[in-house]
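Dear colleague,

Please find below the structure that I am handing over to you, followed by an account of what was found in it. I would be grateful if you could read the account with the model open.

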Amino acid sequence: MGRDVIVACDFAGKKEVFDFLDKFEGRKPFVKIGMELFYAEGPEIVREIKKRGHKIFLDLKLHDIPNTVKKSMAVLSRLDVDMTNLHASGTCRMMEAALEGLTREDGTRPILIAVTQLTSTDQESMENDLLIREPIDRVVMHYASNAKKAGLDGVVCSPLEAGKVHDTCGKDFLTVTPGVRFAAGDVGDQKRVMTPAEAKKIGSDYIVVGRPITAASDPVAAYERCIREFVD
Ligand code: C5P
């Protein structure tokens, strides 16, 4: 899969997500299903969106003992998603177990990426709450290296970190980057943002875009703008 725009479908339920996707008529954006929608509607929502022809990033951020993660990943693999994720802080053993669970009998599997440190975690909360005293960018790169060592395909990271992740883990190691905005003034609760064109320049492989598309007066035009700036 090449560079692509993933639309974060952060909706409360099935009706809202289908009303949104219907606007795209013939186009089939790559969509991200997060915890809110998945917990509201269950696995059937994944099957239904897949049946409509969309690629799916199932963003459930697993983190548990290796055996539980392995078995859960096997279930997600049968849902036929294209990409899913876990927390790198669950350790290398947990990530290796996840890969085993995710790999189907024929050897195929969804793309598996790791969350390093959530962008909501800052240096202060990492030190005070988690007792991790290293600089946060070192922690992010260490977790990315662990993910690579465990055999994962990439990480979720801020677009500002994408270049450094590629320098540390290689060009083929995927960077999936939220925190994208069309203009610097329009940041909302995302603190460190980039435009789609800047994310392309720095080498993000996938951008995850939510509200700039879902809350736009013309979501299809906003999506097409992302494609034009990031993919074309
Ligand atoms: O609406 P917005 O473009 O900010 O949405 C970004 C999406 O990416 C949301 O679904 C959010 O949960 C997700 N995300 C994020 N930061 C991370 C990981 C995921 O914003 N570190």
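Helices H7 and H8 are oblique to each other, because the angle between them, about 50 degrees, lies neither under 35 nor within 65 to 115 degrees. Please note that this is a predicted model. Helix H7 covers residues 136–149 and helix H8 residues 159–169, and their axes run 10 Å apart. The two helices cross in a right-handed sense. On the H7 side the contact involves Asp137, Val140, Met141, Ala144, Ser145 and Lys148, which meet Glu161, Lys164, Val165, Thr168 and Cys169 of H8. Sorted by class, the contact of H7 with H8 comprises five nonpolar, two polar and four charged residues. The spacing of such residues along a helix may be read with one rule in mind: an α-helix has 3.6 residues a turn, so residues three or four places apart point the same way.

Helix H8 merits some further detail. Its buried residues are Pro159, Glu161, Ala162, Gly163, Val165, His166 and Cys169. These buried residues pack against H7, strand E6 (154–156), strand E7 (174–177) and H9. At the N-terminal end, H8 is capped by Ser158, of which a side-chain oxygen lies 2.9 Å from the backbone nitrogen of Leu160. Just after the helix comes Gly170, with a positive phi of about 100 degrees.

Ser204 makes contact with two of the H8 residues named above, and its surroundings are as follows. Ser204 sits in the loop that links helix H9 (196–202) to strand E8 (206–209). Ser204 counts as buried because its relative accessibility is 2%, and the cut-off is under 20%. Apart from neighbours within four places in sequence, Ser204 is in contact with Arg3, Pro159, Ala162, Thr175, Thr177, Ala199 and Phe230. With one of these, Thr177, there is a polar contact between the two side chains, at 3.0 Å.

Two further helix pairs were examined.

The first is H4 with H5. Helix H4 (residues 66–78) and helix H5 (residues 92–102) pack at an angle of about 30 degrees, and their axes are 7 Å apart. H4 and H5 are therefore roughly parallel, since angles under 35 degrees are classed in this way. The crossing of H4 over H5 is right-handed. H4 contributes Pro66, Val69, Lys70, Met73, Ala74 and Ser77 to the contact, while H5 contributes Arg93, Met94, Ala97, Ala98, Glu100, Gly101 and Leu102. Eight of the residues in the contact of H4 with H5 are nonpolar, two are polar and three are charged.

The second is H1 with H3. Here helix H3 (residues 44–51) packs with H1 at an angle of about 15 degrees, the axes being 12 Å apart. H1 and H3 are therefore also described as roughly parallel to each other. H1 passes H3 in a right-handed crossing. The residues in contact are Lys14, Val17, Phe18 and Leu21 from H1, with Ile45, Glu48 and Ile49 from H3. This contact of H1 with H3 has five nonpolar residues, no polar ones and two charged ones.

How exposed is Lys14, and which residues does it contact? Lys14 belongs to helix H1 (residues 14–22). With a relative accessible area of 34%, Lys14 is partly exposed. Beyond its neighbours within four places in sequence, Lys14 is in contact with Leu37, Glu41, Ile45 and Glu48. The side chains of Lys14 and Glu48 are joined by a polar contact of 3.1 Å. The C-alpha atom of Lys14 is also separated by 9.7 Å from that of Phe38, a residue 24 places away along the chain.

Finally, two residues have notable backbone angles. Lys61 is not a glycine, yet has a positive phi of about 45 degrees. Lys61 is placed in strand E3 (residues 56–62) and is partly exposed, with a relative accessible area of 24%. Asp80, likewise not a glycine, has a positive phi of about 65 degrees. Asp80 lies in the loop between H4 and strand E4 (83–87), and its relative accessible area of 39% makes it partly exposed.

With kind regards

Notes. Residues are numbered from 1 along each chain as its sequence is written. This is a predicted model: local features need pLDDT of at least 70, side-chain atom pairs count only at pLDDT 80 or more; totals for chains, interfaces and linings use all residues. Side-chain values use heavy atoms; hydrogens and water are left out. Axes are lines fitted to C-alpha atoms, for helices over the stretch in contact, and angles run from 0 to 180 degrees between N-to-C directions. Helices (H or I, at least four residues) and strands (E, at least two) are DSSP runs, numbered from the N terminus. Angles under 35 degrees count as roughly parallel, over 145 as roughly antiparallel, 65 to 115 as roughly perpendicular and the rest as oblique. A crossing is left-handed if the near helix is turned anticlockwise from the far one by less than a right angle, and right-handed if clockwise. Contact means heavy atoms within 4.5 Å. Ala, Val, Leu, Ile, Met, Phe, Trp, Tyr, Cys and Pro count as nonpolar, Asp, Glu, Lys and Arg as charged, and the others, Gly among them, as polar. Buried means under 20% relative accessible area, exposed over 50%, partly exposed in between (1.4 Å probe, protein chains only). A polar contact is a pair of N or O atoms within 3.5 Å; within protein, one must be able to donate a hydrogen and the other to accept it, and residues adjacent in sequence count only if both atoms are side-chain atoms.
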